[in-house]
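Good morning, everyone, and thank you for making time for this. I would like to walk you through one structure, beginning with its contacts and ending with a detail of the backbone.

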Amino acid sequence: MLETSARLLRLLSLLQTHRDWSGADLADRLGVTPRTVRRDVDKLRELGYPVNAARGTGGGYQLGAGAELPPLLLDDEEAVAVAVGLRTAAGHGIEGIGESSVRALAKLEQVLPNRLRRRVGALGAFTVPMLHGQDASVVDPGLLTELAAACRDAERLRFAYRTHGGDSSRRTVEPHRLVCTERRWYLVAWDLEREDWRTFRADRITPTPPH
DNA sequence: ATGAGGGGACGCGCGCTTAG
DNA sequence: CTAAGCGCGCGTCCCCTCAT
């Protein structure tokens, strides 16, 4: 029974990750017979999951889009991304979005494992939204997490910073806040050498190990 | 014709409940 | 405490339907 619901979750997770799966593949992965897979797919459908099936050569199962959104299984990275996105949306004051974001966030945080709650907390509490930005720049989410965690823990940070001109300098800072524009992340921090507040573009930061 | 999902019927094994 | 009874999940068998 407990075994069954666990298998149902695994099946759902398989369907959410991939392409389409043949019944035989799913049976193989789940360690049951195809007949049992069919029964499990039935159960998922009863629970409201839109599982599409294609017959004939090259057929298989696929998770489709339904009229209602069933619960999702997110991996750690996805859960953090969604939670942070919701927090940002909630804080942006966009009409109609803010309140829904808070509601969704409440649901998500209710089921969020503790280890993720900490990460979301770090990113959420130490970022502040700022309006308007221009071009896109890509920042490693791992770096953002690291910067946010440093803000949260008031942890001194050393990194190499690439300037607009292209030359690189080493900085030692006391991080204060991560600031998000529409497209860009900035770290606001106290620069110990220059004895002043500085704003660093996150995509120009390369962390160096402390010594 | 072939290969895929869909599903009914049946039996087996396991765990739980209940009568003795 | 034990054995019978029961429900349930699963595998097996078999046939159906549909797409290629």
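Let us begin at G23, where a backbone N or O atom lies 2.4 Å from a phosphate oxygen of DNA strand B, a polar contact being a pair of N or O atoms within 3.5 Å. This is a predicted model, in which local features need pLDDT of at least 70 and side-chain atom pairs count only at pLDDT 80 or more, while totals for chains, interfaces and linings use all residues. Residues are numbered from 1 along each chain as its sequence is written, chains are lettered from A and ligands numbered from 1 in the order in which they are written, and side-chain values use heavy atoms, with hydrogens and water left out.

A phosphate oxygen of DNA strand B also lies 2.6 Å from a polar side-chain atom of Y61, whereas R35 places a polar side-chain atom 3.1 Å from a base oxygen of that strand.

Stepping back, we find 13 residues around DNA strand B, with G23, R35, R38, G56 and Y61 being the closest, where near means that a heavy atom of the residue lies within 4 Å. Of the strand atoms within 4 Å of the protein, 57% belong to sugar or phosphate and the rest to bases. The largest share of this surface, four residues, comes from α3.

Finally, consider E195, which sits in the loop between β6 (185–191) and β7 (196–201) and has a positive phi, near 50 degrees. Most residues other than glycine have a negative phi.

Note on methods: Helix = DSSP H or I, 4+ residues; strand = E, 2+ residues; numbered from the N terminus. Polar contact = N/O pair within 3.5 Å; in protein donor to acceptor, adjacent residues only side chain to side chain.
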